[in-house]
Amino acid sequence: MSDVVALLQQLVAIPSVSPMGNPPGRGEGEGEIARALVSRLRAAGFACEVSEGAPGRPNVVARLAGGDGPATIFEAHMDTVSAADMVRDPFAASLEHGRLFGRGACDDKAALAAMVVALEETARRGTPPGDIILAATADEEYSGSGVQHLIDQGLRADGAVVGEPTSLRLVVAHKGAVRLRITTHGLAAHSSEPDKGENAIYLMAPLIEALRGYAESLGSRQAHPLVGRPTCSIGTIHGGQAPNIVPSECSIVVDRRLLPDEQPEAAEAEVRAWLTQHCPGVAWEMSVMLYGIGMDTPVEAPIVGKCADALDRVLGGHEIAGVQYGTDASRLSRAGIPSVVLGPGDIAQAHTADEWVEVAQVEQAVAVYREIMWPS
Ligand SMILES: [Zn+2]
């Protein structure tokens, strides 16, 4: 078995489920996987910095000093989404027909393992042309606070490669997102006498219809060449306590995806204006749950050329792409570090009940990352 597959099995076997903004419970958070990474990297001779953006949510940074050339960050996240709904043991890391199964196998431990092995192999070769900084981050799946903590502490480089499942396509653009909670307030009453109350679910109904119209209207916007059009979707609805009580509150969460150059604040204002215009007389409240910015790295940026060259040499070609999902790359970009997203595995398998990654692609990723770190 190759070194990277053994490491990936080890990492998948360590639960590192995101507590989604809560303090980490058992099997949650990045503490254990960070310890495993640090002990491996220290054994390979790297000094590691461990810093917690929040209790139980460590980031790990390892550096390989290089020459005067551009410094490059290789970043991958250690957390995973919940393993509760998986159809097979999420931490068994079983291998079948060239696939490695388990929570995080694809998103994002495949990229993480490949970056670690590429870094170790590069270090064994000698001093690379520029500094290489490996950043294994916490909390990507919830808010991106891990990478933000490193940026706030001064993490900088001339370019960044963010490992996420792109099937080794070179991703230079992705959408941003705004998540909005919209709430209606009614008046509770016994359901046998509904006239004595005011039904918050009924109050929500016209807002839902209006938002459907808004989502449809986005379909006629100008499309970005790599990421397409902006979208809007209602993801959750909660309301009511019991069948025999007129609900006093109803809330929905709206997920508005932004073009790379759209500002989250502007999109929020647009949703507010739309509801005000289309639902006159309905009282509602809106709060922001998340602002996620997009990314649009120019293809002329040196990091893009460097990655394209590496892909050409290792795989015989490259594909420049945009994706719909958000990544830590947008935060690095906003911090002034031109970034790309490039990693093994298909996003179609991320977060699924049967998550897997193709082992051969993880091994290719090691070669691609190594080639970016130090062109042969
Ligand atoms: Zn991911």
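**Why we call it that**

Modeller: Val 359, Gln 361, Val 362, Ala 365, Val 366, Ala 367, Val 368, Tyr 369, Arg 370, Glu 371, Ile 372 and Met 373 are the buried residues of helix H9. Keep in mind that this is a predicted model.

Biologist: What makes you say that H9 is mostly covered?

Modeller: The count does: 12 of the 15 residues in H9 are buried. To earn that word, a residue needs 20 or more other C-beta atoms within 10 Å of its own.

Biologist: And how do you know that the span of H9 agrees with what a helix of 15 residues should give?

Modeller: H9 runs over residues 359-373, and at 1.5 Å a residue it should span 21 Å. The expected span uses one less than the number of residues. The end C-alpha atoms of H9 are 21 Å apart, so the two values agree.

Biologist: Over to H1. Which residues of helix H1 are buried?

Modeller: In H1 (residues 3-12) they are Val 4, Val 5, Leu 7, Leu 8, Leu 11 and Val 12. Around the axis they cover an arc of only 160 degrees, so they sit on the same side of H1. The cover over these residues includes helix H2 (31-43), E5, H3 and H9.

Biologist: What makes the buried residues of H4 line one face of the helix?

Modeller: The buried ones in H4 are Gly 146, Val 147, His 149 and Leu 150. Looking down the axis of H4, they fall within an arc of 155 degrees, and therefore they line one face. Their cover includes strands E1 (48-54), E2 (57-64), E3 (69-77) and E6 (130-137), along with helix H8 (329-334).

Biologist: Asp 152: buried or exposed, and why?

Modeller: Exposed, because Asp 152 has 11 other C-beta atoms within 10 Å, and the cut-off for exposed is 12 or fewer. Asp 152 lies in H4, which covers residues 145-152. Just after H4 comes Gly 154, with a positive phi of about 110 degrees.

Biologist: Ala 93: buried or exposed, and why?

Modeller: Buried, because Ala 93 has 22 C-beta neighbours inside 10 Å, and 20 or more is what the term asks for. Ala 93 is in the loop between E3 and E4. Its phi is near 55 degrees, positive in a residue other than glycine.

Biologist: Why remark on the sign of phi in a residue other than glycine?

Modeller: Because most residues other than glycine have a negative phi. His 97 is not a glycine either, and its phi is positive, about 50 degrees. His 97 is placed in the loop between E4 and E5. With 7 other C-beta atoms within 10 Å, His 97 is exposed, given that exposed means 12 or fewer.

Biologist: What makes the peptide bond from Asp 107 to Asp 108 worth a look?

Modeller: That bond is cis, with omega near 20 degrees. Most peptide bonds are trans. Asp 108 is in the loop between E5 and helix H3 (109-125).

Biologist: Why are E4 and E16 said to stand at the edges?

Modeller: The open sheet has 3 strands in the order E4-E5-E16, with antiparallel pairing. Strand E4 (95-96) and strand E16 (356-358) each have a single partner strand, so one side of each is left without a neighbour in the sheet.

Biologist: How do you know that E4 and E5 pair?

Modeller: There are 2 bridges between E4 and strand E5 (residues 99-101), in the antiparallel sense, and at least two bridges are required. Leu 95 stands opposite Leu 100 in E5.

Biologist: Over how many bridges do E1 and E2 pair?

Modeller: Over 6, again antiparallel, against a requirement of at least two. Glu 49 has Val 61 in E2 as its bridge partner. The hairpin of E1 and E2 has 2 residues between the strands, and Gly 56 there takes a positive phi near 75 degrees.

Biologist: Last one: into which domains is the protein divided?

Modeller: Domain 1 (3-174 + 294-373) and domain 2 (176-292). Their centres, taken over C-alpha atoms, are 34 Å apart. Contact involves 10 residues of domain 1 and 12 of domain 2. On the domain 1 side, strands E8 (170-174), E13 (295-296) and E14 (320-323) each supply at least two of the residues. By class, that side has 3 nonpolar, 6 polar and 1 charged residues.

Terms used: Residues numbered from 1 in each chain as written. Predicted model: local features only at pLDDT ≥ 70, side-chain atom pairs only at ≥ 80, totals over all residues. Helix = DSSP H or I, 4+ residues; strand = E, 2+ residues; numbered from the N terminus. Arc of directions from axis to C-beta. Contact = placed C-beta atoms within 7 Å. Domains from an automatic or database assignment. Nonpolar A, V, L, I, M, F, W, Y, C, P; charged D, E, K, R; others polar.
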